[in-house]
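This report looks at one structure through its annotated site and its nonpolar interior. Please keep the sequence and the 3D view at hand while reading.

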Amino acid sequence: MRDFDDLLEANTSYANSFDLSGFDGIARAGVAMVTCMDSRIDPLRMIGLKPGDAKILRNPGGRVTDQALVALVLGVNLLQVERILIVEHTRCAMASSTEDELKARIADSAGTDASWMTLGAIVDQRNTVKADVMRVRSHPLIREDVAVGGFVYDVDTGLLERVD
């Protein structure tokens, strides 16, 4: 197991110029984004924002899960979120493998059965984004005046394509 010394050293450097002390945690730009955990995605920079501007929710595939929906409800009602982006991306493992293929790869890596897990493989990425947008728009605790958009981020060009 790798130690954390390099990360803690980087954190000390970060803390030396930390400027969010006392910030109340609202979304300064009124934005929330649900996106994938993929390390090729830099959610704030790709839409011209900085720390403190948006609520960023990440999970495999960038899906609006039950927990993501709870976070969006909190963001809209308590943290000044007025715009929600749902962002999946090109070359996503969750959208380029079947559920069974993903489970088999995990089982091979872990050395134990993974068939009991639900991973959430994405069969049709554009329709999945559209369905997640509708899930958010139709939630009774998300006001109608909140803008909700669905996008696919191209990890090779950095561009967002609106799909809803």
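The sections below describe a predicted model, beginning with the annotated residues and then turning to the nonpolar cores.

## The annotated site

According to the unreviewed UniProt entry, the annotation "binding site" covers C36, D38, H89 and C92. Although these residues are spread over 57 residues of sequence, they cluster in space, with a largest C-alpha distance of 8.7 Å. The lining of the largest pocket includes C36, D38, H89 and C92, so that the annotation taken from the record and the computed pocket can be viewed together.

## C36 and D38

C36 has its place in strand β1, which covers residues 31-36, and it counts as buried because its relative accessibility is 4%, where the cut-off is under 20%. When residues up to four places away in sequence are not counted, C36 touches I41, R58, N59, P60, G61, G62, V87, H89 and C92; H89 and C92 are also covered by the "binding site" annotation in the UniProt record.

D38 is found in the loop between β1 and α2 (43-46). With a relative accessibility of 15%, D38 likewise counts as buried. Not counting residues up to four places away in sequence, D38 touches R58 and H89, while its side chain makes a polar contact with the side chain of R40 at 2.7 Å.

## N59 in strand β2

N59, one of the residues that C36 touches, lies in strand β2 (residues 54-59). N59 is buried, with a relative accessible area of 12%. Leaving aside neighbours within four places in sequence, N59 is in contact with V34, T35, C36, M37, T65 and A68.

## The nonpolar cores

In soluble globular proteins, nonpolar side chains tend to be buried together. The largest nonpolar core of this model has 20 residues, of which L72, I84, I86, V136, I142 and V148 touch the most other members. Two or more residues are given to this core by each of β1, α3 (66-78), β3 (83-89), α5 (125-137) and β4 (147-153), and α3 gives the most, with four residues.

I86 offers a view of the surroundings within this core: leaving aside neighbours within four places in sequence, I86 is in contact with V34, G62, V64, V129, D132, V133, V136, V148, G149, G150 and F151. Apart from the core that includes I86 lies another, of 18 residues, among them M33, L44, L49 and A54.

Definitions and conventions. Residues numbered from 1 in each chain as written. Predicted model: local features only at pLDDT ≥ 70, side-chain atom pairs only at ≥ 80, totals over all residues. Heavy atoms only, no water. UniProt positions renumbered as here; feature names shortened; annotations may be inferred. 1 Å grid on protein atoms, 1.4 Å probe; cavity = no way out; pocket = protein on both sides within 12 Å on 5 of 7 lines; lining within 4 Å. Buried < 20%, exposed > 50% of the residue type's maximum accessible area, 1.4 Å probe, protein only. Contact = heavy atoms within 4.5 Å. Polar contact = N/O pair within 3.5 Å; in protein donor to acceptor, adjacent residues only side chain to side chain. Core = buried A, V, L, I, M, F, W, Y, C linked by side-chain atoms within 4.5 Å.
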